[in-house]
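This report goes through the ligand surroundings, the contact between the chains and the confidence scores, in that order. The sequence and the coordinates are shown first.

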Amino acid sequence: MTTLNSNIPSGPLSQKWESYKFNTKLINPANKRKYKIIVVGAGLAGASASATLAELGYEVHNFVFHDSPRRAHSVAAQGGINAAKNYQNDGDSVRRLFYDTIKGGDFRAREANVHRLAEVSVNIIDQCAAQGVPFAREYGGLLDNRSFGGAQVSRTFYARGQTGQQLLLGAYSALNKMIGQGAVKSYTHSEMLDLVVVDGHAKGIIVRNLQTGDITKHNADAVVLATGGYGNVYNLSTYARGSNVTASWRAYKRGACFGNPCYTQIHPTCIPVSGDYQSKLTLMSESLRNDGRVWTPKKKEDCKKNPADIPEADRDYYLERMYSAFGNLAPRDIASRAAKTVCDEGRGIGETGLGVYLDFSDAIKRLGENKVRERYGNLFAMYHEITNEDAYKTPMRIYPAVHYTMGGLWVDYNLMSNVPGLFVLGEANFSDHGANRLGASALMQGLSDGYFVLPATISGYLATQKPDKRPNIDNPAFKQAEENVQTLTKKLLGNKGKRTPASFHKELGKLMWDYCGMARNKAGLEKGIKLISELREEYWKNVNVLGEAGEWNQQLENAGRVADFIELGELMCRDALHREESCGGHFREEYQYTPDDPETKQGLVNPGDVKRRDDAFAYVAGWEYAGAPDKAPVLNKEPLIYEEVHMSTRSYK
Amino acid sequence: MKITLKVWRQKNANSPGWFKTYQSPALNENMSFLEMLDVVNEELANRGEEPIAFDHDCREGICGTCSCVINGKPHGPHKGIATCQTYMRSFRDGDTIVVEPFRAKAFPIIKDLVVDRKAFDRIQHAGGFISVRTGSAPDANAIPVPKENADLAMDAAQCIGCGACVAACKNASAMLFVAAKVSHLGLLPQGQPERYKRVKAMVTQMDEEGFGACTVTGSCEAVCPKEISLDFIARMNRDYGVSLLKGEPKKIAGGGAA
Ligand SMILES: Cc1cc2nc3c(=O)[nH]c(=O)nc-3n(C[C@H](O)[C@H](O)[C@H](O)COP(=O)(O)OP(=O)(O)OC[C@H]3O[C@@H](n4cnc5c(N)ncnc54)[C@H](O)[C@@H]3O)c2cc1C
Ligand code: SF4
Ligand code: FES
C-alpha cells in the first residue's frame, strides 16, 4: 500500500497557488546549473517544460522517440485552447473556467489543481502570442475567440484548424533557442524503455536509439515524463499511430501509481470506421459544433435515404432536444453517449448504421459558404479526402471515437508521482480533467504544466537533493534496468511465434472497445479481463518479431509497445469494474438515471444520463503494481475533498 | 483492386539499395496509401519477410512524418496533400506503383523509405525563434497584429517540415522550407527585433547542411502538401539582402546549431 498524499497547500482556493509559490524552496541561480533534469517528451508539455527549465538555468536533457520534437502528437490538435481572458466581455473569469472544468469532469478532478490551471491559462496566451503563434485575429488586430463544448462563453483561442501545430511550433521554437545555446541537449529517435529508481528516488532512464538500436543509460537529479496519452490501447483512435503508453507503463512497473486508468474520452465527432484495414480514425474538430447541427432520422426506415430527401419534420436534432441549454455544444461524453443511444435504437446512418449527421446547411444559409470555408475549410477538405464527400453540399457523417485519456500516472499538487523525483506532465498525468475533459483544455493543461507549474514546483524537490551525490550510471540500479531492457528485446526477437504484434494490437483494441468502451457493465468487464489476460499469455507464446536489435526495426519498437498496451488494457478493465458508479466518460450501465429519479423529474437530467455515487466513489484510484502482470494490482485511494465547490448533479439541460 | 508495388529496399545508409517488386493482396479503394503498405507489410511479415520500413505518425497530414516519392512525385499524385492523405482510389486496378524515399544529400537514408531529416531541426536551432523568456510576455492583446499580416504569417507557419520541397528540387534546395519559417516570424511585430539576424543565421546553417542553391523552378511549391507559396522565397531573399547590408553575424549570439 502507498499513501497518496495530494500535498495541496492550505489556505483559500483562490490563494493557494500564489502562497505556494511564495513558500516553496528556491534554488539560487548559481546552483541551478549543477542540477541535471531529464525530460522525456517534447509535445506541448515536454517542450515547454524543457525550454523553461533551461531558461532558469538547469541542465536539461530532452528525449523523444520522434525524429524531431516538432512531430509530437500535440501537433495534430485542431480546435483550440481555452483561457479565461474574457476578451469577449461575455462574463468569463478564472472562477468560471475553473467551475466549468470541474463540472465538465463530473466532479472527479482535484479542486486545487483545476483552479491553478484556470489561473495560469491567461499567462499561456500571452506567452504564445509573444513567441509568434499566429492566433486568429479580428479585423482590429486583436485576438478572436470561438466556443467549445461545456461552456456558455467564448474563451477558445485558435489558429485556423491547426491550433496544436502552431502552439507546438511555438514551444518547439523556445526549445530550439535553448538547444542552440547548448542549454538543452536534445536526443531524437530515442525511446525511453525503463525508469531507474535508486533508493526509492527516480534518478535516470534507459533509452534505445531507434536508428542504431544502442541501449544507453542516463542519470539525473529528477526525471520528468511528458509522454502523452494511451488511447491507442484501443488500436483505433484519433491519436497518431506512434502514441503509446510505454514510458508511463514502465514507470508504473517501477512503483509509480496509475491514476484512474479507466477514464477515457470518446469524442463524438469523428469520421466513422469504413473497413477492417483501418489504421486510425480522424477527428472532425469539436469547433464544428459551433455551426453544425447534429441529427438522425426520426424513423428507422429513413436511415438509408439521401439526407436531402428527409424533410425537416422527420429529423431528430437530438442534442438540441435533450440538452436545450447547451444543445450541440453539450460536453463530449454526453454527446457521444447520445449518438450511441440513437444508433442503438436503429436510427444510425451510413453503411454500417454507426453514424449520425453533422449538418452545416443552416450555417451556410446564415453565414454564406465563404464564411464557413474560412472557419473550417481545412476540416472540410480533410473530410473530403477521406470520404470523397463534399460537406458543403451534404451533411458530414460522424461517429464517436477514442480520443483522449483523462487517466494517467498519479501526481500530487507538485506534479510529482508517488516515486520521489519522478514528475509527470500533460496528458500522461491524471490530474486536471476528472472523468471527462472539456474541449480545448488539454492544450491548456499541457502548456500550463510545462511553462508555469513544473518550473515552479520542481525546485521544492531539487532543494532536498544534492547534485554532487547524484548516482552515476555504474550504480547497480542502472545495470539492472539496462539488463531488464536487453532481456525484453531478446525475448521478443527470440520468440519466433506465428503472429505479428500488429495482429495482437488489433485484437486487443476490439476487446477494449467491446468491453471497456462507451458503455461498460460488470459481466462484460469480467469477461474483458479474462480475455485480455489470455491474450497476454498468447502474446508471449506466439508473437513473432523479425529483424535485428541493432538496427532500425519498427516491428520491434511496436512489439514492446503492444506488450505494454495489453497489460494496461487489463488494468483499465479492473479499474472500470471496481468503480461501481458512472461519471463523465465512464458509463456503467448499472448506474444511470431512470425516469423515476427525483433529478429526472426535476428536469436536471435525462433518463440514461450517468449517475455518480459520491458517497462511495469520490476518490482517485491509484493502482499500484504488484510485481507481476498476473498478480492483482493494489488499489490506493486519494479522497477528493472539495472545499469550495459543491459536488452537484451535472446538468446541461 | 490489386496493384504491383515497386519499392526501394535498403538496409541502411551504408548498404546499396534496389527496387523490389511485390504483388499486393486484394485492396479496397477507400484504404489510404499507408494502409495499403500496412496490409502489404502484414503479408510480408506473415511470410517471414521483413516489412518495408516507412515513416508515418499522425496519418492526417499535419505531423510531416510521412514521406515517400510515389510514381516520381513526393507525396504522390495530388496537389496540396501528403502521402498519408492519399487514398487508393487515386490509382487503378492493375497499376504498378513505384515508391522511393526522398532523395537528397542532406537527408541520408536510414532504411528503405525512411530518411533522416534532422538537418531541418539544426536550421531551426540556429535562429527559428523569437527570444522571449517564459513569464516575460506582455498581455496578448497589447500587441495588435493586422489580420492580413496574421493570416499571411499563418499561411507560412502551416509548413509541416516534411522535406518534400527538397526532394522535388533538382538541386535539393531547402529554400521553401526556410522561407516559410523566416516569413512566419518576420511578418509579425513580435519577430521584428531579430528579423535580420534570424534570416542570416538560418540561411548560413542551411548552406552548412549541404542543401543546394535555389534556381526558382517552382517544383517545390508544386509538391508542397501545404501549398506554401514561392512568394515567401522572394520575401526571404529581400530580408537576406538587408541582413547582408546590415552586416548581421552568421550566428545569433549564444545561439547557433549544436
Ligand atoms: C486529433 C486530436 C485533436 C486534438 N485537438 C485538441 C484541441 O483542439 N484542444 C485541446 O486542448 N486538445 C486537443 N487534443 C488533445 C491534445 O492534443 C493532447 O492531449 C496534448 O497535445 C498532449 O500533449 P502532451 O505534451 O501531453 O503529449 P504529446 O504531444 O503526445 O507528446 C508526447 C511526447 O512524448 C514522446 N514520447 C512518448 N513516449 C516516449 C518514450 N517512451 N520515449 C521517448 N519519448 C517518448 C513523444 O516523442 C512526444 O514528444 C487533441 C487530440 C487529438 C488526438
Ligand atoms: S515547405 Fe512544404 S514541402 Fe517544404 S517542408 Fe514545408 S510543408 Fe513540406
Ligand atoms: S503521417 Fe503525419 S503528415 Fe503524413
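## Ligand 1

A nitrogen atom of ligand 1 sits 3.3 Å from a polar backbone atom of A:Q78, in what is a predicted model. An oxygen atom of ligand 1 is likewise placed beside the backbone, with a polar backbone atom of A:A226 at 3.4 Å. The side chain of A:E427 also takes part, since one of its polar atoms lies 2.6 Å from an oxygen atom of ligand 1.

These polar pairs belong to a wider setting, in which 36 residues are found around ligand 1. The nearest of these residues are A:H66, A:S74, A:G79, A:E427 and A:L443, so that A:E427 is listed among the nearest residues and also supplies the side-chain atom at 2.6 Å from a ligand oxygen.

## Ligand 2

Around ligand 2 there are 13 residues, and those that come closest are B:C159, B:C162, B:G163, B:C165 and B:C224. Two helices of chain B, helix 4 (164-168) and helix 5, each give at least two residues to this shell. Sorted by class, the shell holds eleven nonpolar and two polar residues, while charged residues are absent from it.

## Contact between the chains

Chain B brings 79 residues to the contact and chain A brings 75 residues. About 6300 Å² is buried between chain B and chain A, with 50% of that area coming from carbon and sulfur atoms. Between the two chains, 41 residue pairs are in polar contact, counting pairs in which both residues have a pLDDT of 80 or more. On the chain B side, the residues that touch chain A comprise 33 nonpolar, 23 polar and 23 charged ones.

Six salt bridges are found across the interface of chain B and chain A. B:K11 forms a salt bridge with A:E551, and the closest N and O atoms of this pair are 2.7 Å apart. As for secondary structure, the elements of chain B that give two or more residues to the side touching chain A are helix 1 (33-46), strand 6 (109-111), helix 2 (118-127), helix 3 (147-157) and helix 5 (175-186). Helix 3 of chain B gives the most to that side, with seven residues, whereas helix 5 of chain B appears both on that side and in the shell around ligand 2.

## Confidence

The model scores ipTM 0.97 and pTM 0.98. Chain A has a mean pLDDT of 96, with 100% of its residues at 70 or more, and chain B averages 96, with 98% of the residues scoring at least 70.

Within chain A, confidence is lowest in helix 11 (residues 369-387), where the mean is 90, and highest in strand 1 (residues 36-40), at 99. In general, predicted coordinates should not be read in detail where pLDDT is low.

Notes:
Residues numbered from 1 in each chain as written. Chains lettered and ligands numbered in written order. Heavy atoms only, no water. Contact = heavy atoms within 4.5 Å. Buried area = accessible area lost by both parts, 1.4 Å probe. Salt bridge = Lys/Arg side-chain N within 4 Å of Asp/Glu carboxyl O. Polar contact = N/O pair within 3.5 Å; in protein donor to acceptor, adjacent residues only side chain to side chain. Helix = DSSP H or I, 4+ residues; strand = E, 2+ residues; numbered from the N terminus. Nonpolar A, V, L, I, M, F, W, Y, C, P; charged D, E, K, R; others polar. pLDDT = per-residue confidence, 0-100. Near = heavy atom within 4 Å.
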